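Let's take a walk through this structure together, one region at a time. Keep the 3D view open and rotate it as you read.

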Amino acid sequence: MKYLVLLLFCSLRLSAQDFSAVDKYLEDHIAEYDDNVVVLVSQHGRLIYEKEINLRADDKRVIASASKWLSGAVIMSLVDDRKLALTDTVGKFLPIFTKYHKGNITIRQLFSHTSGFPGNSPERYEYSKELSLADAVDSIAVHTKMINPPGVAFNYGSVSMQIAGRIAEVVSGKSWQALFNEKIARPCDLTANYLLMNLRNPLLAGGVRTSANDYLHFLEMIVNKGVYDHKRVLSEKALAEMLKDQTAGAVFQDTPYPLNPASPTPKDTVRYGIGNWIDVHTASGEIWETSSPGAFGTHPWQDEKNGIAGIIFTRSNIRKSNASSVHVRAMIRDIVASH
């Protein structure tokens with residue numbers, strides 16, 4: 001197979017578990033990742049698998065919707081601080097939404113795509129390079145029409161998270177990036193910058209640039225019930241809330257991820273927590289794995305049952321790579337569970 005860039009091909013045996021089948025699968029399906037991928041998997045904080053093909057674990061890329069999980073963690077840190085509650089309404093913090101009859105949306109609905117707004121505003125305020133976050137959100141309040149009552153339907157996108165980000169700035173008195181650095185980045189020893197669209201209007205739902213190594217630290221914090229390197233980042237209660245279904249039976253009108261064929265319940269609709277998909281669960285409702293894949297192919301997940309934190313890191317098209325990423329996750333789950 002001919003690669004378009006200098007081949008960097010590294011597979012390390014970091015545990016007694018045999019991941020050779022995963023190696024072969026990635027090699028056979030590398031075209032689906034546009035010939036560049038890193039896979040990192042740790043168990044209980046110890047790296048057990050690493051694979052690099054034309055990309056290094058420290059290389060930085062924009063991760064698109066994998067940003068949502070990082071942003072959700074910031075919101076949950078403010079819940080821990082009692083600066084806001086998931087049941088609080090937008091109007092409590094941003095009166096302009098009440099003025100335009102949109103003030104009864106809850107923080108929970110904003111971060112689970114059930115606010116009643118379309119996934120993305122037709123006016124594209126959340127993607128504006130000219131507006132500040134405050135100006136973008138005020139513009140959404142005035143001009144962006146709701147398409148459903150709050151809580152009725154799920155529409156995946158960016159606009160609602162942008163509103164929540166502005167609320168976070170208001171209650172903390174800090175810019176979103178500064179707040180993220182304080183609450184998540186520094187305690188998890190990671191570097192991640194909200195570069196899209198700009199630092200004044202950071203795209204909470206998709207603007208982060210980071211590396212596989214950095215993001216893995218965040219996932220290890222999640223698997224370790226809110227603790228990273230002996231530092232408490234999120235409470236166990238906040239973490240549990242983030243990882244459970246927050247959609248409350250909403251009808252899924254617009255979703256890029258309707259089903260997970262590698263779940264024990266492959267015909268069940270994939271649900272959503274705070275910034276992450278509830279995509280692998282049993283028929284009895286026991287959640288095994290949650291994830292936050294992005295449009296450029298990066299696919300982070302956590303497997304609380306097996307103590308697994310994993311990330312498939314790439315710059316490719318999710319429509320080409322997601323089926324392979326879901327399959328890789330299932331292979332790793334089965335290898336770890338059988339060991």
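Strand 6 and strand 7 (residues 208-211) run antiparallel and are joined by two bridges. One residue to look for here is Asn193, whose bridge partner in strand 7 is Arg209. Bear in mind as you look that this is a predicted model. Strand 7 also has strand 4 as a partner: three bridges join strand 4 to strand 7, again in an antiparallel arrangement. In that pairing, Lys60 has Ser211 of strand 7 as its bridge partner. Put together, these strands make an open sheet of three strands in the order 4-7-6, with antiparallel pairing. Its edges are strand 4 (60-62) and strand 6 (193-194), each of which pairs on one side only.

Follow the chain out of strand 4 and you come to Ala64, in the loop between strand 4 and helix 2 (67-80). Its backbone deserves a glance: Ala64 is not a glycine, yet its phi is positive, at about 50°. Is Ala64 buried or exposed? With a relative accessible area of 7%, Ala64 is buried, because the cut-off for that label is under 20%. Lys225 also has a positive phi, near 60°, in a residue other than glycine. You will find Lys225 in the loop between helix 9 and strand 8 (227-228). Lys225 is partly exposed, with a relative accessible area of 37%.

Now for the interior. In soluble globular proteins, nonpolar side chains tend to be buried together. Here the largest nonpolar core has 76 residues, and those with the most contacts inside it are Ile163, Ile167, Phe180, Phe218 and Met242. Which helix gives this core its largest share? That is helix 9 (residues 212-223), with eight residues. For a closer view, pick Phe180: beyond residues up to four places away in sequence, Phe180 touches Leu70, Val74, Ala185, Leu190, Ala192 and Tyr194. A second, separate core has 20 residues, among them Leu26, Val41, Tyr49 and Ile335.

Next, turn to Ser172, in helix 7 (residues 159-172). Ser172 counts as buried because its relative accessibility is 17%. Which backbone atoms lie by the polar side-chain atoms of Ser172? The backbone oxygen of Ala168 lies 2.8 Å from a polar atom of the Ser172 side chain, and the backbone nitrogen of Lys174 lies 3.2 Å from a polar atom of that side chain. Setting aside neighbours within four places in sequence, Ser172 is in contact with Lys83 and Leu179.

Aromatic rings come next, and the structure holds 13 aromatic pairs. One of them is formed by Phe154 and Trp277, a tilted pair with 5.8 Å centre to centre and 50° between the planes. Phe154 lies in strand 5 (residues 153-155) and Trp277 in strand 12 (residues 277-281), so this pair ties together parts that are 123 residues apart in sequence. Both Phe154 and Trp277 are buried. Ring pairs also link Phe154, Tyr156, Phe252, Tyr257, Tyr272 and Trp277 into a cluster.

Some members of that cluster lead us to Thr247, which sits in the loop between helix 10 (236-242) and strand 10 (251-254). Not counting residues up to four places away in sequence, Thr247 touches Ser112, Thr114, Phe154, Phe252, Arg271 and Tyr272. How far into the interior is its side chain by the area criterion? Thr247 is buried, with a relative accessible area of 1%. The Thr247 side chain also makes a polar contact with the side chain of Arg271, at 3.0 Å.

Our last stop brings together residues that are far apart in sequence. Asp35 is in the loop between helix 1 (20-28) and strand 2 (37-43), and it counts as buried at 13% relative accessibility. Asp35 and Arg315 are 280 residues apart in sequence, and their C-alpha atoms are 9.1 Å apart in space. Arg315 in turn lies over the face of Phe296, at 4.1 Å from the ring centre.

Conventions. Residues are numbered from 1 along each chain as its sequence is written. This is a predicted model: local features need pLDDT of at least 70, side-chain atom pairs count only at pLDDT 80 or more; totals for chains, interfaces and linings use all residues. Side-chain values use heavy atoms; hydrogens and water are left out. Helices (H or I, at least four residues) and strands (E, at least two) are DSSP runs, numbered from the N terminus. Buried means under 20% relative accessible area, exposed over 50%, partly exposed in between (1.4 Å probe, protein chains only). A polar contact is a pair of N or O atoms within 3.5 Å; within protein, one must be able to donate a hydrogen and the other to accept it, and residues adjacent in sequence count only if both atoms are side-chain atoms. Contact means heavy atoms within 4.5 Å. Two strands pair if DSSP finds at least two bridges between them. Rings of Phe, Tyr and Trp (its six-membered ring) pair if their centres lie within 6.5 Å; planes under 30 degrees apart count as stacked, over 60 as edge-to-face and the rest as tilted. A charge sits over a ring if NZ of Lys or CZ of Arg is within 6 Å of the ring centre and within 35 degrees of the ring normal. A nonpolar core is a set of buried Ala, Val, Leu, Ile, Met, Phe, Trp, Tyr and Cys residues joined through side-chain atoms within 4.5 Å.
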